[in-house]
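Trainee: I should like to learn how to read the features of a protein model. May we work through one together?

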Amino acid sequence: METVKEAFAEYGEVLDAFIPSDYDGNPRGFGFVTMEEENAVQAIEGLGGTELDGRTLNVNKSLPKGTRPSPRRE
């Protein structure tokens with residue numbers, strides 16, 4: 001958890017971080033980090049696709065349940 005907070009803290013203050021675990025206490029492979037919007041956008045761009053603790057990060061903005069992201073326009 002601390003390495004996740006440290007990685008995201010490079011882009012601004014981490015307000016909250018949560019990594020769910022399974023019944024055995026092992027991380028489930030995803031997590032949630034709360035930051036100010038401006039810092040979050042920078043973290044998404046800066047950390048997406050990078051490696052942390054041997055895993056490649058897929059960093060996205062959290063959306064309300066049942067909502068789909070709009071297609072990216074390039």
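Mentor: We shall proceed from the overall fold to individual residues. Please bear in mind that this is a predicted model.

Trainee: How many helices and strands does the protein chain have, and in what order do the elements run?

Mentor: The chain contains 2 helices and 4 strands. Read from the N terminus, the order is α-β-β-α-β-β. The C-alpha trace spans about 40 × 30 × 25 Å along its principal axes.

Trainee: What share of the residues counts as buried?

Mentor: Burial is judged from relative accessible area, and a residue is called buried when that value is under 20%. Of the 74 residues in this chain, 16% count as buried. The accessible surface comes to about 6300 Å², and 46% of that area belongs to carbon and sulfur atoms.

Trainee: Which residues of helix α2 are buried, and which are exposed?

Mentor: A helix can be read by asking where its buried residues point. Helix α2 covers residues 37-47, and Asn39, Ala43 and Leu47 are buried there. These residues lie on the same side of α2, because they cover an arc of only 45 degrees around the axis. Glu38 and Glu45, on the other side of α2, are exposed. The cover over the buried residues of α2 includes helix α1, residues 2-9.

Trainee: Why does Asn39 count as buried?

Mentor: The cut-off is again under 20% relative accessible area. Asn39 has a relative accessibility of 18%, and therefore counts as buried. Leaving aside residues up to four places away in sequence, Asn39 touches Tyr11, Gly12 and Glu13.

Trainee: What follows helix α2, and where is Thr50 found?

Mentor: Helix α2 is followed by Gly49, whose phi is positive, near 85 degrees. Thr50 is found in the loop that leads from α2 to β3, the strand of residues 51-52. With a relative accessibility of 28%, Thr50 counts as partly exposed.

Trainee: Which residues does Thr50 touch, beyond those up to four places away in sequence?

Mentor: On that count, Thr50 touches Arg55, Thr56 and Leu57. In addition, the side chain of Thr50 reaches the backbone oxygen of Leu47 at 2.6 Å. Leu47 is itself one of the buried residues of α2. For a separation in space, one may take Thr50 and Asp16: they are 34 residues apart in sequence and 21 Å apart from C-alpha to C-alpha.

Trainee: What is the sign of phi at Asp53, and how should it be read?

Mentor: The general expectation is that most residues other than glycine have a negative phi. Asp53 has a positive phi, near 50 degrees, although the residue is not a glycine. Asp53 is found in the loop between β3 and β4, the latter being residues 55-56. With a relative accessible area of 58%, Asp53 is exposed.

Trainee: Which residues form a nonpolar patch on the surface?

Mentor: Such a patch is sought among nonpolar side chains that retain over 30% relative accessible area. Here the patch is formed by Phe18, Phe30 and Phe32, with about 300 Å² of accessible area together. Phe32 is found in strand β2, residues 32-34. At 40% relative accessibility, Phe32 counts as partly exposed.

Trainee: How are contacts distributed along the sequence?

Mentor: One considers contacts between residues at least 6 apart in sequence, and asks what share spans a longer separation. In this chain, 30% of those contacts join residues at least 24 apart.

How values were computed. Residues numbered from 1 in each chain as written. Predicted model: local features only at pLDDT ≥ 70, side-chain atom pairs only at ≥ 80, totals over all residues. Heavy atoms only, no water. Patch = residues over 30% accessible without salt bridge, like charges linked within 9 Å, V, L, I, M, F, W, Y side chains within 5 Å. Areas by Shrake-Rupley, 256 points an atom, 1.4 Å probe, with all protein chains shown as cover. Salt bridge = Lys/Arg side-chain N within 4 Å of Asp/Glu carboxyl O. Buried < 20%, exposed > 50% of the residue type's maximum accessible area, 1.4 Å probe, protein only. Arc of directions from axis to C-beta. Contact = heavy atoms within 4.5 Å. Polar contact = N/O pair within 3.5 Å; in protein donor to acceptor, adjacent residues only side chain to side chain.
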